Each structure stands twice: as C-alpha cells, then as structure tokens.
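This report walks a new reader through one model, beginning with a pair of helices and moving outward to the sheet and the contact between chains. Please keep the sequence and the structure in view while reading.

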Protein chains: 2
Amino acid sequence: MGEHFADALLARIRELRAPAAVGLDPLAARLPPELRVDPDDDVAAAAAFEAFGRGVIDTVAPLVPAIKINSAFFEAQHEHGVAAYFRLIAHARQRGLLVIGDVKRGDIGSTAALYARGHLSGRAAPDAVTLAGYLGENAVRPFVDVCRAEQRGVFVLVRPSDPGADEVHEFAGAAGATPGSARPFYRHMASLVARWGSDSDLIGRSGYSCVGAVVAAKDAASTRALRDAMPGTLFLVPGYGAQGATAEACRNCLNADGLGAIVNASRSVIFAYLDAGVAERGGGDWRRCVRLACEDFVADLRRAGLAPA
Amino acid sequence: MGEHFADALLARIRELRAPAAVGLDPLAARLPPELRVDPDDDVAAAAAFEAFGRGVIDTVAPLVPAIKINSAFFEAQHEHGVAAYFRLIAHARQRGLLVIGDVKRGDIGSTAALYARGHLSGRAAPDAVTLAGYLGENAVRPFVDVCRAEQRGVFVLVRPSDPGADEVHEFAGAAGATPGSARPFYRHMASLVARWGSDSDLIGRSGYSCVGAVVAAKDAASTRALRDAMPGTLFLVPGYGAQGATAEACRNCLNADGLGAIVNASRSVIFAYLDAGVAERGGGDWRRCVRLACEDFVADLRRAGLAPA
C-alpha cells in the first residue's frame, strides 16, 4: 500500500498490457456443479463463494491487474457472506491483485465516515471501492480522506451501464432551455467528481487522481465528451461482455496517452464454463474456462487498441 | 408480517399518537462509559453496540412505532457488526417495533436483486429499508417485488437532510430556461418515486404505498410542494434534533389527513445522557435519559400538531 492507487494500477496495466479487471459476482445457481449449494443456507453458500472466489483469483492473478469483488453477492448471505468477502480481499491481495470493493455506498457525511471505516480503511479493506456520490462532496470526503492517508482509491458512479438508469442520468432539468444548452445529470456528476479529485495531493506521478469514476461506454460522442471533461480521472468501465459493451466502445474512455481506463468483465469470465464454445476448449474444467475467457477478454482489449504500447 | 407495511406503520402511529422513529447510530466514542470499547476491536465493539442497542430498543419500544437501525455503524465493525445488526433487528421485532434498516443501497438491477435478498427478504430482514434510487426503476424493482410478496416497505431518498447534498439535488440542468420552468433534480426523483409506488397492489387500505420516500423538511414551500407531488407516499423525515429540523418544519410533510410522515431522531435520543439537562433529570442512568429524550421528542411532535387526533 506504499504507492498512490492510480500509479500502482497504471503500472500494473502497463506491465501486463491489460487494462482489465475481472468482476467476482458469485451466484449460487451458476456455480460449477461441484460447488453448487442451497442459497438459503448462508454458511454453506458463503463457503462455496469463497472456494469459487479463490479459484477465480488464483487463475486470473497472473493475467489482470485487478479484481472487483461485488459486495451485494456476499451480503445476500448476511454476515457469513461478509466474512467471506473480507477473506477474499486478503487472498487476492496476497496473490498480487489490486482489489476493488464494489460497494456503491453513499450516505450523508457523518454516516459516510462509518462506511469509509468499514469498507476502505485498514488492513481488511480493499485498495479501492466504488461509491455513489449523489449526496454530494460531504458524502465522499471521508473516503477521499482515507485515500489520502492510506494510499487507496475510489470510483464514483458517473454513468451506469444499465439503460434503466437513464431516466435519472439523462435528466436535464428545465423545460424551454436554449437549444443545445441542456446538460444532462451525468455530466453534472462528472464535473463534481472531477472537482472532488482535483486537489494536488490526490494526484499521482502518473497525473491521475485517486478519485476515479464509473463510466459506461455508450455512444462514442458522449463517452469522448466525458473523457475530455475529466482528463485526470481514471474510468472503471462496466458492462463489457455479458452486458454488451464492446472493446471498440471502451476505447473512447482512453486519453491521448493511451491510458485512463480499466474495463471490467464479470459473468463472461467467471461463468465461462457455461459458454459452450469456451467449455469445449476448456475440457469441462471451470478454472481452465476462466483462464481462457480471461485471456480472450485481454486479447480483445489489445486488439481494439486499449493496451498501452 | 401479515399486514401491508404502510397500514401497519400508520396503525401503530395512531395507537401511540407518535409519528416517530428512533434512529440507532451507535458510535464507540459516545457509548455510555460502562459500554465503551476500542473501535479497532471488532468483536468487542459489535458486542457493545448490541448491548447498547438492546437497551435502546427495550426503552423506546412502548413509546414509538419504529426503530431505524443504521447499517453503516455496524458495517464499520465488519462481519461482527453485521451479525449484531441482524440480531438487533430480531430483538426489536420481538419487542413489537417495526424495523427500518437504513442501508441506502442502490445498484443496477441484477445486483439490486442480491441486495434485496440480503437486506429486505426473509426472516432475518427488517420490515423496511432505505434505498438510493439513482440508478432508476430497475434498481428499485427487486426491492418492490419483495415488498409485494412479503409485505415490506422501502423509503427511497428524495431529499437528503445534509445541505451538502444540494449540489446534486438542486441541479436544474439547462441554462437559459424559461423563467420559472426550472425543476430541480430532487423534484424529478420525487416524481419517479411516486410512480414506482403507484401500482394498485402496492397501495394499502390506508391509501399509502409501501414505496415511501426519505424527505428532509427544509423551507415550508418546497416541502409542501413535495408533499403535494406525492400524496400517496409515506415520508421518512430525517434531520430532527441534532441535525436541526424542527417539529414545525416537519409538519409540512403531512397530508390533509394528518398522516403521511414519520420523523426520525437519532443522536438526540440515544445519546441523551450526554445532554446536561436530560442527564440531570435522568439521574445519570443512560437508559432513563433515552426514555426522557424519547418522551420529549414525541411530546414535541404532538405539540406541533404532528400526532393524529
């Protein structure tokens, strides 16, 4: 934890030529048959998620810089799942991965301080977390304070991948505006997030802030506009693979330096054994399928020009 | 759990003449001296929070319809705190309180389904949770489905109490709009939340939906406008007491039927022993101070005309 989060992440992206994170979203019903459990049995399900997670982590650690662990899937098993979540964070770090805790927390400042304590500070916590910044800077500051003190990072939601979020994020306020003057809500969030990360002591040697953003790659024009609006902000790009974003679309999240984005793939990698084509190549071994799908994912990003030279 | 959430809550509000919830936000540094612990010791802190929470619950159960338990304060102690959170939910329900889990979760639909499973469904879960609806209807629907199937409730953030949230919630989009036409973001969220709760099978006999809203009482005009914009929506009103909202201001959250709001007080009740005036009347007993402060809180709401006749 001695290095600025953005610097550490970008160094590892260069080293592996892989601006890629694998997302760990374990679902009881999709676990490989030998790990399948009754999701109503919290203890058994948490143990299965942990065994599955260890298998994924050990497999992808040599291939990608980071793993994103989705807290929701562990919280579904109450405190037993939460314990497994923290054990997997420790295991992933031991394997050399940077760990992003996908927690999307967001609450007023006095409460945010407790979420920051539980989810971003101390040895148990991941290197970075995702946040909802909809309650303003006060709600994000306790996390930014931890970033500064403990060399961690955050990714604040700016543009979610689900089109269903558009009814909020495309909101443009007033009627009767001057044509062309409308600025949708997600652009407003982008300007706030860029500001929250702009203090000089938050910027690494790479020029990037430890305050990043979650930015889905939609049409090229709007993605480029977001990229230009927040040049010092790392983008965590959701929605690749199972959710439909292509590597081509993700390339619009890069700055001219060929950096600035890390693309996440979850289901298409971790449940690759369910994909007939990958399963055949993997000979029915789910870990081998994870490796093949992860290699395919990284190769696809490289082919689209996303890997740094 | 046999009754519609809004009906059950309103019945209890009438019975006790108390549109009031007590918020359980335990902080290690503010616990009564005999319970004070090192917050870095998760096991000890979780046990202290549980002992404190049981004391608060046993004291306020005869006085108010509901307790709001803030998950953040428990998550600060990792899985040990989460286990205490769920044990306190069970204890509060046993004491006849309706329980609101203050979790403010919000993520895209496939992830929201897991949060709904962990936080609103089944015997371990509270009667209602707070939600962030910023990712749109898909993000809220899995919770609404649980409300429908298991007679539970949600309160979706519409207007937070912290003025720091205004930089997001007062966003009004386009420049050059027709004067008077600007509609701030929180009004947009209000119209979405009202719509999400409008299906006839979500409305109780009382006329109120199981999809409520978190609405801070700010100036009278904007609060009344929100009340008029979402007449079938129960308001959970934060910010009373330590955060500065007066009972007078909260009255603007009521409909003409004298119903429609439940006001929450946290620190001013649970840490009342730290208030010199209350401490003197309570003879140094922290539980007695909780009772006195809770009675004062309810009396203040009644005096301001918030209690149903």
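Is the crossing of α5(B) and α6(B) left-handed or right-handed? In this predicted model, the crossing of these two helices of chain B is right-handed.

**The helix pair**

Helix α5 of chain B, residues 109–119, and helix α6 of chain B, residues 137–150, pack at an angle of about 30 degrees, and their axes are 7 Å apart. On the side of α5(B), the contact is made by Gly109(B), Ala112(B), Ala113(B) and Ala116(B), while α6(B) contributes Asn138(B), Ala139(B), Arg141(B), Pro142(B), Phe143(B) and Val146(B). Sorted by character, the residues of this contact are seven nonpolar, two polar and one charged.

In chain A, α5(A) and α6(A) also pack at an angle of about 30 degrees, with their axes 7 Å apart, and their crossing is right-handed. Here α5(A) brings Gly109(A), Ala112(A), Ala113(A) and Ala116(A) to the contact, and α6(A) brings Asn138(A), Ala139(A), Arg141(A), Pro142(A), Phe143(A) and Val146(A). The residues of the contact in chain A divide into seven nonpolar, two polar and one charged.

**The barrel of each chain**

Strands of a sheet pair through backbone hydrogen bonds, either parallel or antiparallel. In chain B, eight strands form a closed barrel in the order β1-β2-β3-β4-β5-β6-β7-β8, and the pairing is parallel; from one strand to the next the twist averages 30 degrees. Chain A likewise has eight strands that close into a barrel, running β1-β2-β3-β4-β5-β6-β7-β8 with parallel pairing, and neighbouring strands of this sheet are turned by 30 degrees against each other on average, direction ignored. Helix α6 of chain A, residues 137–150, packs on the sheet of chain A and touches β4, β5 and β6 of that chain, its direction making about 145 degrees with that of β5(A).

The table below sets out some of the strand pairs, each with a pair of residues that stand opposite each other.

| Strand pair | Sense | Bridges | Facing residues |
|---|---|---|---|
| β3(A) and β4(A) | parallel | three bridges | Gly101(A) and Val129(A) |
| β2(B) and β3(B) | parallel | five bridges | Asn70(B) and Asp102(B) |
| β3(B) and β4(B) | parallel | three bridges | Arg105(B) and Leu131(B) |
| β4(B) and β5(B) | parallel | four bridges | Val129(B) and Val154(B) |

**Around strand β4 of chain B**

Which residues of strand β4 of chain B, residues 128–131, are buried on one side and which on the other? Ala128(B) and Thr130(B) are buried on one side, and Val129(B) and Leu131(B) are buried on the other, so that both faces of the strand are covered. In a regular strand the side chains alternate between the two faces of the sheet.

The helices described at the start also link the strands along the chain. From β3(B), the chain passes through α5(B) to β4(B), and this β-α-β crossover is right-handed. From β4(B), the chain then crosses through α6(B) to β5(B), again in a right-handed β-α-β crossover.

**A residue in strand β3**

Val99(B) lies in strand β3 of chain B. Why does Val99(B) count as buried? Val99(B) is buried because 23 other C-beta atoms lie within 10 Å, and the cut-off is 20 or more. Leaving aside residues up to four places away in sequence, Val99(B) touches Ile67(B), Ile69(B), Ile89(B), Ala92(B), Arg93(B), Pro126(B) and Asp127(B). The C-alpha atoms of Val99(B) and Val129(B) are separated by 8.4 Å, although the two residues are 30 residues apart along the chain.

**Where the two chains meet**

Between the chains, 50 residues of chain A are in contact with 50 residues of chain B. On the side of chain A that touches chain B, at least two residues each come from α3, α4, α5, α6, α7 and α8 of chain A. Helix α5(A) provides the largest share of that side, seven residues. By character, the residues on this side of chain A divide into 24 nonpolar, 16 polar and ten charged. Helix α5(A) therefore appears twice in this account, in the contact with α6(A) and on the side that touches chain B.

Methods: Residues are numbered from 1 along each chain as its sequence is written. Chains are lettered from A and ligands numbered from 1 in the order in which they are written. This is a predicted model: local features need pLDDT of at least 70, side-chain atom pairs count only at pLDDT 80 or more; totals for chains, interfaces and linings use all residues. Two strands pair if DSSP finds at least two bridges between them. Axes are lines fitted to C-alpha atoms, for helices over the stretch in contact, and angles run from 0 to 180 degrees between N-to-C directions. Two residues are in contact if their C-beta atoms, placed from the backbone, lie within 7 Å. A crossing is left-handed if the near helix is turned anticlockwise from the far one by less than a right angle, and right-handed if clockwise. Ala, Val, Leu, Ile, Met, Phe, Trp, Tyr, Cys and Pro count as nonpolar, Asp, Glu, Lys and Arg as charged, and the others, Gly among them, as polar. A residue is buried if 20 or more other C-beta atoms lie within 10 Å of its own, exposed if 12 or fewer, and partly exposed in between; C-beta atoms are placed from the backbone. A crossover is right-handed if, with the strands pointing away from the viewer, the path from the first strand over the helix to the second runs clockwise.
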